[in-house]
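Okay, thanks for making room for me this morning. I'll put the structure up and then talk you through a few parts of it.

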Amino acid sequence: MILVFMEVRDGEIKKSSLEALSEASRKAQVLHTKATAVLAGHNLESLIDKVFPYGASKAYLLENTLLSHYSPSAVAQALSLLIHEVKPEIVFFSATSMGKDLAPRLAAKLGVSLVSDCTRIEIKYGKLEVTRPIYAGKAFLALRLKSSPQIVSLRPNVFPLLEPSEDKGEVVRKDVLIPEDQVKAQVKELVKEAGAELDVTEADIVISGGRGMKGPENFDLLRDLIPFLPHSTIGASRSAVDSGWIDHQHQVGQTGKTVSPTLYMAFGISGAIQHLAGMSSSKYIVAVNKDPDAPIFKVANFGVVGDLFEVIPYLKEELKKAQ
Amino acid sequence: MNIYVFVKRVPDTESKIRINHETNSIVEEGLNFVLNPYDEYAVEEALRLREAKGGKVTVLSVGKEEGLVILKKCLAMGADEAVLVKDEMPETYDGLRTAKIIAQALKKKFSDFDLLLFGKQAVGVDNAQVPSMVAEFLNLPQVNVVTKLEIEDNQGVAQREIEGALEKVSFSLPAVISAQKGLNEPRYETLKGIMMAKRKEIPVLTLQELDFSQEDLALQIEIARMESPPQRATGKVIEEEPAEAAKKLVEFLHQEAKII
């Protein structure tokens, strides 16, 4: 069995969890086993049917009122109970904020190692061979896990979703026993800024600005492009963040986030090695920069040598026309 | 408050990474090693908490003797004590092993802690595993990727960064916290600090002293290969009037990338 943890945010199963489930379903076929989904929380009944179109043959619903607010130790406790009972060979997480918080806690509880944030999974001799970026993508490491279960977290936005099927599966509801002292750190409040932008790790298109943006106010030029580019958000280079022009949540690169969107648009970003590491796995890269020798042009599929302040207004017009 | 901060020596982020394919490891010659950037935020936060509430800050690193350099830096920033747990093992990429060593060191030698601070991940290995694993081994609360930390008596509230939002997390001490950029602005070492750090003795613990047997630390991860990233094909670069350039860029997005 490949057990896949389904993350719920804002009353929905996250797309990245469905990506992990899709990959589990593909690998389960090779291994002649089944992909199984697990949801842990409270009042998740309405979501359980959403997993079957993406390849789950069975779904576990772990219920406990103590799980209504996320607590990594409590969820790890619930998952470990299920794992001890059903003994999956493989466990998948999506390497989201929650996945990165939860998977290592569970792995330590089970006394096994974990491969984090992988971007490719192959089957070799009936076991997983998992590839993950290191040094934010400056190198790649292929690893095998000798432990059981093999626990892996999958980078969001990398593994394709299955074409949803009409399939149905079995739902197994379990009331899990969680001692109250296992609810340690617990989320009390979710703070969302009004008009908060999509996270750079989750967007299909990242519109990024660097030192060439010259000031915080000019990031509005990039924000103005968002309506014309589906599922897009704003990114930034380290120098833009360190200059205080934009919050570090937007930073792409080695001390920021590593992204793999369909399209990465670099405006006024020269392409320092730590930045390139964080975005070189994007499917398409376009760049606008004054300096024809900027390293960003070495990784760009399409580059424009020019002044971004002159190009962007025309770009907006052209994008508008293309609607 | 008795605070421990866990730090790692890593290649700086401007490093070009070369691979030794025979040993499946990175070539260390010519690299500039530094204190892991995220650990700097952890050290700074520990110093600020000590300044506000009193107590002691101890920094601990697991690894080769070269790690003494970053421990000296932490002392120069203002940490009270530093400890190296000497481990000659080359990089294993296995967070579980490091977490076992740290948890054991705490249990055996430093069980008087109130707060354990980490960087959210070590740049390079990028695992983001060790803080949560140590928390589990010691049965402690954990809050990762923290950009704001408030502690009053034995209770804490941490602000944790998630996708497009922040979570406010409450916990009691002792606890594990991992630092994200934005938590604070790390200070520079002072000249006085550097002089004091030079004179300060750093005790070195061995794995034997922590009563580890070989199998306790047996690796569960096997490195199959280390590879360079795939080279990106060279693209097209144009230099034209802004209006024309914008038009061609949108054509590219439409016809080749098929985004719009």
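**Two chains, one shared sheet**

Let's begin with chain B: of its contacts between residues at least 6 apart in sequence, 71% join residues at least 24 apart. Before I go on, please keep in mind that this is a predicted model. Chain B has six helices and 15 strands, and its C-alpha atoms fill a box of roughly 65 × 45 × 40 Å along the principal axes. Of its 260 residues, 46% count as buried.

Now, the part I wanted to show you. Which strands make up the open sheet with the order that starts at β15(A)? There are six, and they go β15(A)-β14(A)-β16(A)-β17(A)-β18(A)-β15(B), with parallel pairing. So look at the two edges: β15 of chain A, residues 232–236, and β15 of chain B, residues 236–238, each pair on one side only. On average, neighbouring strands in this sheet are turned by 15 degrees against each other, ignoring direction.

Let's zoom in on the chain B end. Inside chain A, β17 (residues 284–289) and β18 (residues 302–305) run parallel and are joined by four bridges; A:Ala287, for instance, has A:Gly303 as its bridge partner. Then we cross over to the other chain: β18(A) and β15(B) pair in the parallel sense over three bridges, and there A:Val304 has B:Ile238 as its bridge partner. For anyone who wants the chemistry, strands of a sheet pair through backbone hydrogen bonds, either parallel or antiparallel.

What lies across β17 and β18 of chain A together with β15 of chain B? That's helix α6 of chain B, residues 242–255, and it runs at about 170 degrees to β18(A).

Zooming out to the contact between the chains, 72 residues of chain B touch 76 of chain A. Several elements of chain B supply at least two residues each, including α3, α4, β9 and β14. The most comes from α6(B), with nine residues. By type, the chain B side divides into 40 nonpolar, 15 polar and 17 charged residues.

Over to chain A for a moment. Take helix α3, residues 97–110: its 14 residues should span 20 Å at 1.5 Å a residue, and the end C-alpha atoms are 21 Å apart, which agrees. Of those 14 residues, 13 are buried, so the helix is largely enclosed by the rest of the structure. Just after α3(A), A:Gly111 takes a positive phi of about 70 degrees. Strand β7(A), residues 114–118, is also largely enclosed, because five of its five residues are buried. This strand pairs in the parallel sense with β11(A) over three bridges, and A:Cys118 is partnered there with A:Leu154.

Last bit, the backbone oddities. Most residues other than glycine have a negative phi, and most peptide bonds are trans. Here are the ones to look at. A:Ser148 and A:Pro149 are joined by a cis peptide bond, omega about 0 degrees, with A:Pro149 in the loop between β10 and β11 of chain A. Chain B has a cis bond from B:Leu173 to B:Pro174, omega near -5 degrees. As for positive phi, A:Asn157 sits near 75 degrees, in the loop between β11 and β12 of chain A, and B:Val145 at about 60 degrees, in strand β9 of chain B. Are those two buried or exposed? A:Asn157 is buried, with 22 other C-beta atoms within 10 Å, and B:Val145 counts as buried with 26 C-beta neighbours inside 10 Å.

Methods: Residues are numbered from 1 along each chain as its sequence is written. Chains are lettered from A and ligands numbered from 1 in the order in which they are written. This is a predicted model: local features need pLDDT of at least 70, side-chain atom pairs count only at pLDDT 80 or more; totals for chains, interfaces and linings use all residues. Two strands pair if DSSP finds at least two bridges between them. Axes are lines fitted to C-alpha atoms, for helices over the stretch in contact, and angles run from 0 to 180 degrees between N-to-C directions. Two residues are in contact if their C-beta atoms, placed from the backbone, lie within 7 Å. Ala, Val, Leu, Ile, Met, Phe, Trp, Tyr, Cys and Pro count as nonpolar, Asp, Glu, Lys and Arg as charged, and the others, Gly among them, as polar. The expected span of a helix is 1.5 Å times one less than its number of residues. A residue is buried if 20 or more other C-beta atoms lie within 10 Å of its own, exposed if 12 or fewer, and partly exposed in between; C-beta atoms are placed from the backbone.
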